[in-house]
Amino acid sequence: MKRGKIVPNKGLPLHSGNQIPVLGEGDYYTFLSKYENATQLEKEVQRDASKEYIRRLPVIWSSPLSFTRKVKATNSFATSVLLYHMWTADWPIEHLRELDRSTRQIMNDNKAKHKHESTSLLYLPVGKGGKGMQELETLYKTTKIKTPHYFTVSADPHVQVVSTFQNVMEKKS
């Protein structure tokens, strides 16, 4: 950058003679499996996490496992891809609903659920007579509520430093 304008550059030279390449306009790097360049690329992360979630579902639902094992596998193996990114990114609720619809469609295609079967019963806990599947919208909302709660009530000194810093920054703005 010179005088506030981006100047094309081939790389940053090192003392050893090597160069560190500079990211272009559309380039990115990954940090903790999140895409970043000047900012976090949330939409790209959400797109790729959604693709991976949808890729894992047919593997689970076409397997010879029992229905309860398939639900547990979906709740742990497939939703973990999305859950990892939920607490840091803002996901559109409509996108999560669409992923839930896709999940039910994959279940229908693999004859694990009838197309007219109650969706409420699918997401109801097993202890209350349901199937125990985790609804992505509810999982997202729960994650978004639990994270700030954890920051406010945690006894960990490192978390308290982050919480104090956040409070100071909120008062300044």
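Modeller: Ground rules: helices (H or I, at least four residues) and strands (E, at least two) are DSSP runs, numbered from the N terminus. This is a predicted model, so local features need pLDDT of at least 70 and side-chain atom pairs 80 or more, while totals for chains, interfaces and linings use all residues. Residues are numbered from 1 along each chain as its sequence is written, and side-chain values use heavy atoms, with hydrogens and water left out.

Biologist: Okay, let's start with Lys111. Where does Lys111 sit?

Modeller: Look at the backbone there: Lys111 has a positive phi of about 60 degrees, although Lys111 is not a glycine. Most residues other than glycine have a negative phi. As for its place, Lys111 belongs to the loop between H3 and H4.

Biologist: And is Lys111 buried or exposed?

Modeller: Buried is under 20% relative accessible area, exposed is over 50%, and partly exposed is in between (1.4 Å probe, protein chains only). Lys111 comes out at 76% relative accessibility, so Lys111 counts as exposed.

Biologist: Now the inside. Which helix gives the most to the largest nonpolar core?

Modeller: A nonpolar core here is a set of buried Ala, Val, Leu, Ile, Met, Phe, Trp, Tyr and Cys residues joined through side-chain atoms within 4.5 Å. The largest one has 24 residues, and those with the most contacts inside it include Tyr53, Trp61, Leu82 and Trp91. Two or more residues come from each of H1 (42–61), H2 (67–86), H3 (93–109), H4 (119–123) and H5 (136–153). The helix that gives the most, with six residues, is H2.

Biologist: What is Leu82 in contact with, beyond its neighbours within four places in sequence?

Modeller: Contact means heavy atoms within 4.5 Å. Leu82 is among the residues with the most contacts inside the core. With those sequence neighbours left aside, its partners are Ala49, Ser50, Tyr53, Trp91, Leu99 and Leu136.

Biologist: Which residues in H5 does H2 meet?

Modeller: On the H2 side, Thr79, Leu82, Leu83 and Met86 take part. In H5 they meet Leu136, Leu139, Tyr140, Thr143 and Lys144.

Biologist: On to charges. How many salt bridges does the structure hold?

Modeller: I count a salt bridge when a side-chain nitrogen of Lys or Arg is within 4 Å of a carboxyl oxygen of Asp or Glu. One example is Glu94 with Arg101, at 2.9 Å from N to O. Glu94 is partly exposed at 45% relative accessibility, and Arg101 is partly exposed too, at 36%. In total, the number of salt bridges is ten.

Biologist: How far apart in sequence are the parts that Glu137 and Arg97 tie together?

Modeller: Their closest N and O atoms are 3.0 Å apart. Glu137 lies in helix H5 and Arg97 in helix H3, so the pair ties together parts whose separation in sequence is 40 residues.

Biologist: Is Glu137 buried or exposed?

Modeller: Its partner Arg97 is partly exposed, at 36% relative accessibility. Glu137 has a relative accessible area of 11%, so Glu137 is buried.

Biologist: Which residue forms a salt bridge with Glu117, and which residues do shared partners join into one network?

Modeller: Glu117 pairs with Lys131, the closest N and O atoms being 3.0 Å apart. Glu117 is in the loop between H3 and H4 and Lys131 in the loop between H4 and H5, so parts 14 residues apart in sequence are tied together. Glu117 is partly exposed at 23% relative accessibility, as is Lys131 at 27%. As for the network, shared partners join Glu94, Arg97, Glu98, Arg101, Glu137 and Lys141.
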